[in-house]
Amino acid sequence: MAAKKLFGEHAGTLAERLSVEGVDDNDQEGHVPLDILRDGTRIKIRYWDSPVVNDELWISLIRNGVEQRLYTEFLSPPQPDFLYFPLTPKHLENDGVVFLTYKIWKGSGGNPDPSPDRKLTIDHSLPLGLEEANFPHATIWGYLNNKTVPPITSGATVAIPASKGVALPGDMAKVHWLGYLSLNGSGNPVESTRGTFDKILRRSDINNGYKLVVPFEPHIKPLPDNDSALVYWQLFRNNRLVGQSKKNLLKIDRVTPGESGLSGLSTQGETKMALKVLPPKSRGFSAGIKENGPFSVITIDTLVDNLIAKSVLDSGTVSVILDRTPDELDGDELDVLLAVKGETLKSIATIELGPIADRPAGKIPLSIPASHFTELPKPAGPTGYQIQIKVYKGGGGIEDPSNIIDVLIDQTAPFSTKDPRREEKPTPPPVFVNKPADPQVTVNEAWMAANANVNLTVNVGYDERRPDDEIQVSLRAGSQSVEVYYDTVPNNGAITFPNSELRKFPPKGRVNIVQRYYDVVGNPSLVSAPAPFLTLNLAQKPILNKAPLVPKTDPNYSKSLYLDDVAGGISAIVESASIDSAEAGDEIFLTIEDADDATLFKELDPQTWTGGNLTFDLSYDDLAKIFDKADEPKRIMIKSTITRTGMTPDVESPDAIFILAFDHAGPENPDLPDLTNRNMELPVVTGASGTVNSLLPGDRDKPATFKVKFKLADPPITPDQTAKCYINEVALDDYAPFVDETEFEVPIPARIVAGLTTPSVKARWTIQKSGDDKNIMRSREETVLVAGPSIPLPLPTVRIRNEIKRPFVECFAMDSPTKEYNLGLEIPKTPLLPPGKTIKVFFEAHRNSTGTDLIPNTRVSADYIIKAADVPDFALTGTNPAIFKLAQPFKGAVSYAKYWYTTDINGEQSSVPFVREIDTISTSRNYCDGTAAPAAP
């Protein structure tokens, strides 16, 4: 694994790309085979260098930009060289393109070490059905045995059929062979026989099919008798499965001895057919039946113009099919005749067909060794041959000659000669028609913009050229080779290919060109000598070596971002020093997204790179979109992307992760990032007097309470939250509940109450997650009125006729009791109450002697102005007959009068209330106004 500098001075290790078992690592598109889609496979990751204890590994699957975490593991050495994780059919159930990637946090901290993405292409559609492979040397009953030719020890020939309309030049055919110790391909396979044989298809292979030989060892030798092999083939295009054939069965029996044919000539049969190949018999002249004939018909597969494919000759045999004749006899014989065209046909073998009952139905296949078809050195063109079969009923009598088949043998490749036999490399090299004008033939971005295609002219004047010849043209740079054209040679030699093929090479350097020709038979020419072609000077693909910096998260993205950080602004910086090969006009943009939900993302507007650092503002609105009102901190991924006109794909930086902590306690705050939350309830401050948000003089030396009651829709305060309370910016006790609460109350000590300033102070509270001094939500401020300190006022009195015996409030205490029934308070003279000072006098009737059980509708009050120093103060309370009759509704009813007065002396002051029993009903059961009082109920 190569070391790479990732963040500042931190040296990290760039993780290797993972592998997926069963998916070709060289397949950039990552086409997933159907059997893996059905059965699943494993992700394979090389265990990284220099591991430490508790390394953290994430494995993710990305589809349409949405990241799905598959595995999170914590690993410590020692570990095996490779780590394996299941990739299940469930992971691969939806068609499309996905990417697999992983990240490593060394010791579960520090910088993430990301791997390159592994692209996978998922396609559950079934491949096209291809025609089955067949076995040209097998008997009519499907056997290879000791009588089949060529000998089974030379291998098994598999014929792949033509695939016109399906395959394209450059596609790959993959043939699969697997042996079984049974005649029907059942039971456990013999794994040592398994073989896969690949071939890049040319147009002749597609048009005519081709043959391959499965080697005897190791694929056939372990199958001695009554065994079989299953064979099928697949067609791949750009490593993607296009088509697949059904499996075909080949029976194998190597125990029964067979008989060799002369000169390698043999019939395809097995022991049951009892065919026998003999030297050619000498026969007397016999006129064959020709008036209505021939009755015997033979056929042979050839290409255009009766040419036999090179792949057929390379297989070692040429197959001839004889139609069975009428009026057969058990002793029928065949003579096989062969000659160069223009010469006399001569018998090369006699074949005894054996009993009629044992012959195959319809057609009898025969194989002629390819060694009989040699190419003559002269003339320069193909060599013609003729083939004929003569049938002798019962082994004698009148001959029945078949039709004569003409075939052509051409084993001379383009640019080669037959006499003398010599191979030449194709010349001259292709001509670059629209090449740049400079001596180095420099292809730059300007040339690419002006020329969508590369135009070439190739040689079409070579000897023996056919109009169906093909040419393969490739470009080479160092060890890299790219095929740019493989098709028929045009009559005018003009070929083109898209200039995008040039971008497959490194952007700068010399590129050579090579060519190779193929004829219709399949003879390949030599590969031409590499010829200088052009010099690439394309724009280097830019590289973003590190993720954008977010200064407020330093060092190494370890500091979380809070609402507190928003006030000063949050920015991200793409450092110029981290960019390689950028060019003027390139644009860079930033992406931030929820690291666990890629649907929550924001792309910041691009900036044009001019050579310096680029600063991007991370606004609260953008960050809040990603945070999405989460109730706990989120991992946020940040990366930069560079775009360039004509460059695909865009180039991305590594990504980095920081923590965004916009979560807060209390109700939703509609004004974020302002930490003052208008949805938080205002506090209620109550003194000893019980007056809401107003501390009276009498409250100033006593404790008070600070209370908050939540609305019904508000979330409760929970045990993991803390409320802090303040009055006049003096901190009171914190409040943290043991269970969820919808209200709370904290005391305000008397010393704090006494120290408050007049005429008012502010009260507020905050709520936060316990132990976290960030994102503290503040309530609005509540105004609390504060009176001055308590001043002792002289005690008021009422007129009492006999203080010792009857300390009651009676009619004697009233002013004109027979008229007004109005209780008067006698106010002592004091400098605190100078003449003209306004006081307010109060009266209440209560049911108890402590004055805490008010009789409804009995509270009254009235203002009074202090008289001159020589005039007594008798302040009427505003009572009337109805109030006293409510207080004492019948004789014997017990009630109490509570009376006091207040005035403003540096804030509201109050006298101490007096409480006395009431008795305003006479012994004759009359009220003070002379009206009769009801009897007791």
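Two strands count as paired if DSSP finds at least two bridges between them. Keep that in mind for the close-ups below, which all come from a predicted model.

**View 1. A five-stranded open sheet.** Going across this sheet, the strands come in the order E33-E39-E38-E35-E36, and the pairing is mixed. Strand E33 (442–444) and strand E36 (480–488) sit at the edges; each has a single partner strand, so one side of each has no neighbour in the sheet. From one strand to the next, the twist averages 25°.

**View 2. Where E35 meets E36.** Strand E35 (residues 470–477) runs antiparallel to E36, and 8 bridges join the two. Look for Ser474, which stands opposite Glu483 in E36.

**View 3. Gln386 and its surroundings.** Here we're in strand E27 (residues 383–392), home of Gln386. This residue has a relative accessible area of 16%, and buried means under 20%, so Gln386 counts as buried. Its side chain makes a polar contact with the side chain of Asp406, at 2.9 Å. Setting aside residues up to four places away in sequence, Gln386 also touches others, including Leu337, Leu345 and Ile404.

**View 4. Ile748 in the largest nonpolar core.** This core has 61 residues, and Ile748 is one of those with the most contacts inside it, along with Val550, Phe706, Ile727, Phe744 and Trp765. Beyond its neighbours within four places in sequence, Ile748 is in contact with Val685, Pro703, Ala704, Thr705, Phe706, Ile727, Leu732 and Val753.

**View 5. A separate core.** Apart from the largest core lies another, of 34 residues. Ile300, Phe373, Ile409 and Val520 are among them.

Conventions: Residues are numbered from 1 along each chain as its sequence is written. This is a predicted model: local features need pLDDT of at least 70, side-chain atom pairs count only at pLDDT 80 or more; totals for chains, interfaces and linings use all residues. Side-chain values use heavy atoms; hydrogens and water are left out. Helices (H or I, at least four residues) and strands (E, at least two) are DSSP runs, numbered from the N terminus. Axes are lines fitted to C-alpha atoms, for helices over the stretch in contact, and angles run from 0 to 180 degrees between N-to-C directions. Buried means under 20% relative accessible area, exposed over 50%, partly exposed in between (1.4 Å probe, protein chains only). A polar contact is a pair of N or O atoms within 3.5 Å; within protein, one must be able to donate a hydrogen and the other to accept it, and residues adjacent in sequence count only if both atoms are side-chain atoms. Contact means heavy atoms within 4.5 Å. A nonpolar core is a set of buried Ala, Val, Leu, Ile, Met, Phe, Trp, Tyr and Cys residues joined through side-chain atoms within 4.5 Å.
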